[in-house]
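Visitor: I've got a model open on my screen and could use a walk through it. Shall we take it piece by piece?

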Amino acid sequence: MMLAAALLLMGAQLPQDGYITMDGKTFAPEDLREKAEWTFARFHYDLGFQFGRYGFQRWAADWPKADRQFILGVRRLSRVQTRSTEHIVDANSDELYEWPWIYVEDPGAWSISEDQAARLREFLMRGGFMMIDDSHGDAEWQVALAGLRMILPGRPIEDLPDSDEIFHIAYDLDDRVQVPGTRYVWGRWSYTPDSATPKWRAIRDAKGRILVAICHNSDVGDAWEWADSSAYPEHPASVAYRIGVNYILYGMTH
């Protein structure tokens, strides 16, 4: 934990999945190949045509700092045995089945093929859990929704009430404020009417288990990434960490 914290403070870069670069040298952390109860698995999806031409891989927004800084929080706030670095899972790989909890950044930019949707459906039906984060407004929601309909056709998407178990499994989260991205905190963007209200949504299986937890009109990953900055507000950062811990524990126990 101390090593990971030191690397974050030194602004370490990630040249390849799970590896660390410091002082011009690349190496693997000691626990890279060790089994752990939980690993931060980030989903590497294909970009939709309207985004790909800009070159920015939106699945990787906030990566790797958000992942690793959240990992530090999980180690501090829970007893879950956690690997010190994240793992990237490609949409076209059956390796997906090896990582039962997966994080999807900004599905408002994804493009899901039929094969990829079938793989994700199988992953979820086998007991997997998917956290979706950082889509904003109606246009991005429609892109995210198109992919979700391919993955889980016919399954309803619900707005979760305050009383839902997932908000009380470790922390009681009746006050789920909007978790802003830095583009809103630092004044570069303003919320539009269709992005101003946070939506905490989910898709369940036939037995009621949440398969997909959706944070729409919030940017939980940005809060993880910037929680160490005095310029980022403390309360939404705390909510973001608690949301993440609750989602991990729910996914591991249901």
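Guide: Sure, and bear in mind that this is a predicted model. A good way in is the open sheet of 7 strands, which has mixed pairing.

Visitor: In what order do the strands of that open sheet run?

Guide: The pairing is mixed, and the sheet is open. β5 (87-90) and β9 (157-159) stand at the edges with a single partner strand each, so each has one side left without a neighbour in the sheet. On average, neighbouring strands are turned by 30° against each other, direction ignored. Read across, the order is β5-β3-β6-β8-β11-β10-β9.

Visitor: Which residue in β8 is the bridge partner of I102?

Guide: Look at where β6 (residues 101-105) runs beside β8 (residues 129-135). The two pair in the parallel sense over 5 bridges. For I102, the bridge partner in β8 is M130.

Visitor: At about what angle to β8 does helix α5 run?

Guide: Helix α5 covers residues 137-151 and lies across β8, β9, β10 (199-204) and β11 (210-216). Its direction relative to β8 is about 160°.

Visitor: On to charges. How far apart in sequence are the parts that E86 and R68 tie together?

Guide: The structure holds 14 salt bridges, and the side chains of E86 and R68 meet in one of them at 2.8 Å, N to O. E86 lies in the loop between α3 (65-77) and β5, while R68 is in helix α3, so the parts tied together are apart in sequence by 18 residues.

Visitor: D159 and R201 also meet in a salt bridge. Is R201 buried or exposed?

Guide: That salt bridge comes out at 3.0 Å, N to O. D159 lies in strand β9 and R201 in strand β10, so the pair ties together parts 42 residues apart in sequence. D159 is partly exposed, with a relative accessible area of 48%. R201 has a relative accessible area of 13%, under the 20% cut-off, so R201 is buried.

Visitor: Which residue forms a salt bridge with D219?

Guide: D219 lies in the loop between β11 and α7 (220-226), and its partner is in helix α6 (residues 182-185), so parts 36 residues apart in sequence are tied together. Both residues of the pair are buried. The closest N and O atoms are 3.3 Å apart, and the partner is R183.

Visitor: Over the face of which residue does R183 lie?

Guide: R183 already has a salt bridge with D219. It also lies at 5.3 Å from a ring centre, and that ring belongs to W189.

Visitor: Now the aromatics. What kind of pair do F70 and W224 form?

Guide: The model has 17 aromatic pairs. One of them is F40 with W224, edge-to-face at 5.9 Å centre to centre and 85° between the planes. That pair links F40, in the loop between β2 (25-27) and β3 (41-44), to W224 in helix α7, 184 residues apart. For F70 and W224, the ring centres are 4.0 Å apart with the planes at 10°, so the pair is stacked.

Visitor: What is the relative accessible area of F70?

Guide: F70 is in helix α3 and W224 in helix α7, so their pair ties together parts 154 residues apart in sequence. W224 counts as buried. F70 is buried as well, with a relative accessible area of 0%.

Visitor: And which residues form one aromatic cluster?

Guide: F40, F70 and W224 have come up already as pairing rings. The cluster they belong to is W38, F40, F70, W101, Y103, W224 and Y241.

Key
Residues are numbered from 1 along each chain as its sequence is written. This is a predicted model: local features need pLDDT of at least 70, side-chain atom pairs count only at pLDDT 80 or more; totals for chains, interfaces and linings use all residues. Side-chain values use heavy atoms; hydrogens and water are left out. Two strands pair if DSSP finds at least two bridges between them. Helices (H or I, at least four residues) and strands (E, at least two) are DSSP runs, numbered from the N terminus. Axes are lines fitted to C-alpha atoms, for helices over the stretch in contact, and angles run from 0 to 180 degrees between N-to-C directions. Contact means heavy atoms within 4.5 Å. A salt bridge is a side-chain nitrogen of Lys or Arg within 4 Å of a carboxyl oxygen of Asp or Glu. Buried means under 20% relative accessible area, exposed over 50%, partly exposed in between (1.4 Å probe, protein chains only). Rings of Phe, Tyr and Trp (its six-membered ring) pair if their centres lie within 6.5 Å; planes under 30 degrees apart count as stacked, over 60 as edge-to-face and the rest as tilted. A charge sits over a ring if NZ of Lys or CZ of Arg is within 6 Å of the ring centre and within 35 degrees of the ring normal.
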